[in-house]
Amino acid sequence: MADIKQLEQLNHEFGIDDADTRILFSQGRGDLPKVDLKGPFASAELYLHGAHLTSFRLHDSGELLWMSDMSEFSEDRPIRGGVPICWPWFGKPTATVPQHGFARTSKWKVVETKAHLDPSLEIALRLTDDDSTRSYWPHPFELTLRVIVGRDLTLQLSCLNTGETPITAEAALHTYFHVSDIAAVKLLGLEQRSYLDKLDSLKRKQQEGAITIDREVDRIYVDTDDIVTICDGQTRRIEVRKSGSESTVVWNPWVDKSAAMGDFPNDGYQQMVCVETTNADQDARRIEPGEVHTMTQSCSLVSVST
Ligand code: BG6
């Protein structure tokens, strides 16, 4: 719950209110604290719950992210849509741990805001180990998400190992992109790559040509740091660039899985596709004591013709 005093303190310490740049903390849906960032090119909305970005909207071209209008906004549930932060594991390694880790349902702290001259706005949120995280994963860590809102959207997830033994972590910037019609979407950049098919016991398969989606798709593309271009019909192209990641997950739940998820509209699959910058499966990263691993994803709208 966001209390008024906490919001006032956040605005006092980290808020910015200039001519065309603003960083403002307020109470979001489900009374959860959120921050709105407004720069000259784009606006973004970020919840402290899960460090969850729920919107990135270019002033001249609209929203890049998809959000479920049935999402829950509650302290013990992940938000559906936007960019969930999956960490320190991807999927559900054992029956007793939360799917996609605990970061997306944890309370993050704001550590820094900046207005850059380029001009872009930046905010950093941090999660550190506590009794709750150690009950799932017995390691000390400092996890930082930097969100940079310029003409592009850049997300940088860094894990510092603050302990005395090596740690191994998976991660995903589980980005839900908004598309106008999934039937007209093509993903370029993963041609001839291998993928592990999560719908077929992680069998290794080969991608032939561009990815099109006409059924449930749940794949981990491996050994790839390639740029992926989401071609949304003839008019929109979103480019997803990354570093510190050699696996990319592509997910669309299609008809049955959409219907089975309580926080997902039945026809929601038609307007979204997840292209996720990950350290998944064999791409999990070992981080030595005192070292940092950083995974970065930048998304830009590269062309819009009318
Ligand atoms: C994807 C996984 O990244 O996330 C899928 O590959 C999973 O297997 C999907 O279904 C959504 O997960 P969740 O926990 O947010 O419903």
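Student: In this predicted model, is Ser-194 buried or exposed?

Tutor: Ser-194 belongs to strand 16, which covers residues 194-197. A residue counts as buried when its relative accessible area is under 20%. For Ser-194 the value is 19%, so the residue is classed as buried.

Student: Which residues does Ser-194 touch, leaving out those up to four places away in sequence?

Tutor: One of the partners is Ile-220, which is 26 residues from Ser-194 along the chain. The C-alpha atoms of Ser-194 and Ile-220 are separated by 8.5 Å. The full set of contacts of Ser-194 is Arg-204, Lys-205, Gln-206, Ile-220, Tyr-221 and Val-222.

Student: Which backbone oxygen lies 2.5 Å from a polar atom of the side chain of Ser-258?

Tutor: Ser-258 is placed in helix 3, residues 254-260. Its relative accessible area is 0%, and Ser-258 is therefore buried. The backbone oxygen at 2.5 Å from its side chain is that of Trp-254.

Student: With which residues is Ser-258 in contact, once its neighbours within four places in sequence are set aside?

Tutor: Contact here requires heavy atoms within 4.5 Å. With the sequence neighbours set aside, the partners of Ser-258 are Pro-253, Phe-264, Pro-265, Asn-266 and Tyr-269.

Student: Where does Glu-170 lie, with respect to the strands?

Tutor: Two strands are involved, strand 12 (167-169) and strand 13 (171-173). The position of Glu-170 is the loop between strand 12 and strand 13.

Student: Glu-170 is buried yet has no salt bridge; how far away is the nearest side chain of opposite charge?

Tutor: Side chains of opposite charge can pair when their charged atoms come close. A salt bridge needs a side-chain nitrogen of Lys or Arg within 4 Å of a carboxyl oxygen of Asp or Glu. For Glu-170, the nearest side chain of opposite charge is Lys-198, at 8.3 Å.

Student: Which backbone nitrogen does the side chain of Glu-170 reach?

Tutor: The contacts of Glu-170, not counting residues up to four places away in sequence, include Cys-86, Trp-87, Asn-279, Ala-280 and Asp-281. At 2.6 Å, the side chain of Glu-170 reaches the backbone nitrogen of Asp-281.

Student: Why is the sulfur of Cys-86 not bonded to the closest cysteine sulfur?

Tutor: Cys-86 is buried, with a relative accessible area of 0%. The cut-off for a disulfide is a sulfur pair within 2.5 Å. The closest cysteine sulfur, in Cys-274, is too far from that of Cys-86 for a bond, at 9.2 Å.

Student: How far is the nearest cysteine sulfur from that of Cys-159?

Tutor: Cys-159 is in no disulfide. Its relative accessible area of 3% makes it buried. The nearest cysteine sulfur is that of Cys-86, at 15 Å.

Student: How many disulfides are counted in the structure?

Tutor: Two cysteines illustrate the matter: Cys-86 has its closest cysteine sulfur in Cys-274, too far for a bond, and Cys-159 is in no disulfide. By the distance rule the count of disulfides is 0.

Student: How many salt bridges does a search of the whole structure find, and which residues are linked with Asp-36 in a network?

Tutor: The search of the whole structure finds 23 salt bridges. Asp-36 forms one with Lys-34, with the closest N and O atoms 3.1 Å apart. Asp-36 is partly exposed at 24% relative accessibility, whereas Lys-34 is buried at 12%. The residues linked with Asp-36 in a network of salt bridges are Arg-29, Lys-34 and Glu-45.

Student: How many residues apart in sequence are the parts tied together by Glu-122 and Arg-146?

Tutor: The side chains of Glu-122 and Arg-146 meet in a salt bridge, 2.7 Å from N to O. Glu-122 lies in strand 9 (residues 121-128) and Arg-146 in strand 10 (residues 142-149), so the pair ties together parts whose separation in sequence is 24 residues.

Student: How far apart are the closest N and O atoms of Asp-200 and Lys-203?

Tutor: Asp-200 is partly exposed at 25% relative accessibility, and Lys-203 is also partly exposed, at 48%. The two residues form a salt bridge, and their closest N and O atoms are separated by 3.7 Å.

Student: Which polar side-chain atom lies 2.8 Å from an oxygen atom of the ligand, besides that of Lys-257?

Tutor: The residues around the ligand include Arg-80, His-100, His-174, Lys-257 and Glu-276. The side chain of His-100 has an N or O atom 3.1 Å from a ligand oxygen. A polar side-chain atom at 2.8 Å from a ligand oxygen is found in His-174.

Conventions
Residues are numbered from 1 along each chain as its sequence is written. This is a predicted model: local features need pLDDT of at least 70, side-chain atom pairs count only at pLDDT 80 or more; totals for chains, interfaces and linings use all residues. Side-chain values use heavy atoms; hydrogens and water are left out. Helices (H or I, at least four residues) and strands (E, at least two) are DSSP runs, numbered from the N terminus. Buried means under 20% relative accessible area, exposed over 50%, partly exposed in between (1.4 Å probe, protein chains only). Lys and Arg count as positive and Asp and Glu as negative; His and the chain ends are not counted. A polar contact is a pair of N or O atoms within 3.5 Å; within protein, one must be able to donate a hydrogen and the other to accept it, and residues adjacent in sequence count only if both atoms are side-chain atoms. A residue is near a molecule or strand if one of its heavy atoms lies within 4 Å of it.
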